[in-house]
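Here is a short note to read beside the structure. Keep the sequence open and find each residue as it comes up.

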Amino acid sequence: GFWWAPVVPDAAATLAAHFPPLDLFESLLKEAGFETVTSTIPPVPLVDLELYLDIEGPFTQEFRNADSTWSLATPEELEAGLAMLKAKIDAGEAEAWLAEREELRAKIGQTTTVIATKPMA
């Protein structure tokens, strides 16, 4: 998960709906004749850690351009989400919230690498 997904939850849900559950994906690969199917969750974010963990990042277009999820947000959702994030920052709660979100990322990752192989014919 991306730490900022709750800033644009509808957009994040829309994107997530485009990906099949891992167990379904793996079973489809096996049905297609792949014998060995393995999956791993890389422990690091997809973006440079220093840039990724910029709590002020979502307020800039450049930050949002780094992931297509942001483009799925309506202007209203983006405005509301940024207001929520600003409120957390102003209340001094943002760093703790970011730490919680990073704990979640450490458990579920941001991406899953799937490797499937077929025997040579």
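1. Overall make-up. The protein chain has 6 helices and 2 strands. Read from the N terminus, the order of elements is α-α-β-α-α-α-α-β. Please keep in mind that this is a predicted model.

2. Overall shape. What radius of gyration does the protein chain have? The value is 17 Å, whereas a compact globule of 121 residues would come out near 14 Å. Along the principal axes, the C-alpha atoms fill a box of roughly 60 × 25 × 20 Å. Buried residues account for 30% of the 121 residues.

3. Salt bridges in total. How many salt bridges does a search of the whole structure find? The search finds 2. As background, side chains of opposite charge can pair when their charged atoms come close. The next two points take the pairs in turn.

4. The pair in helix 5. The side chains of K86 and D90 form a salt bridge, with 2.8 Å from N to O. Both residues belong to helix 5, which covers residues 75-90. They sit 4 residues apart, about one turn of the helix. Are these residues buried or exposed? K86 counts as partly exposed because its relative accessibility is 43%, a value between the 20% and 50% cut-offs. D90 counts as exposed because its relative accessibility is 56%, and exposed means over 50%.

5. The pair in helix 6. R105 and E102 also meet through their side chains in a salt bridge, at 2.6 Å from N to O. Their helix is helix 6, residues 94-108. Here the spacing is 3 residues, again about one turn of the helix. Are R105 and E102 buried or exposed? Both are buried.

6. A charged patch. Which residues gather in a patch of negative charge on the surface? They are D48, E50, D54 and E56. Take E56 as one of them. E56 lies in the loop that runs between helix 3 (49-52) and helix 4 (61-64). With a relative accessible area of 41%, E56 is partly exposed. A patch residue needs over 30% relative accessible area, so E56 passes that cut-off with its 41%.

7. Two neighbours in a loop. Where is W70? W70 is in the loop between helix 4 and helix 5. S71 has its place in the loop between helix 4 and helix 5 as well. Now check their exposure. W70 counts as buried because its relative accessibility is 6%, and buried means under 20%. S71, in contrast, is exposed, with a relative accessible area of 61%.

8. Contacts across the sequence. W4 lies in the segment before helix 1 (9-16). At 3% relative accessibility, W4 counts as buried. W70 and W4 are 66 residues apart along the chain, yet their C-alpha atoms are separated by 9.8 Å. W4 can be traced to E102 too: these two are 98 residues apart along the chain, with 9.9 Å between their C-alpha atoms. E102 is the residue that shares a salt bridge with R105. S71 has a distant partner in sequence of its own: A11 is 60 residues away along the chain, and the C-alpha to C-alpha distance is 7.9 Å.

9. To look at again. Start with the helix 5 pair, K86 and D90. Then turn to the helix 6 pair, R105 and E102, which are both buried. Finish at W4, which is buried as well.

Definitions and conventions:
Residues numbered from 1 in each chain as written. Predicted model: local features only at pLDDT ≥ 70, side-chain atom pairs only at ≥ 80, totals over all residues. Heavy atoms only, no water. Patch = residues over 30% accessible without salt bridge, like charges linked within 9 Å, V, L, I, M, F, W, Y side chains within 5 Å. Areas by Shrake-Rupley, 256 points an atom, 1.4 Å probe, with all protein chains shown as cover. Salt bridge = Lys/Arg side-chain N within 4 Å of Asp/Glu carboxyl O. Lys, Arg positive; Asp, Glu negative; His and termini not counted. Charge placed at Lys NZ, Arg CZ, Asp CG, Glu CD. Buried < 20%, exposed > 50% of the residue type's maximum accessible area, 1.4 Å probe, protein only. Rg over C-alpha atoms; globule rule 2.2 N^0.38 Å.
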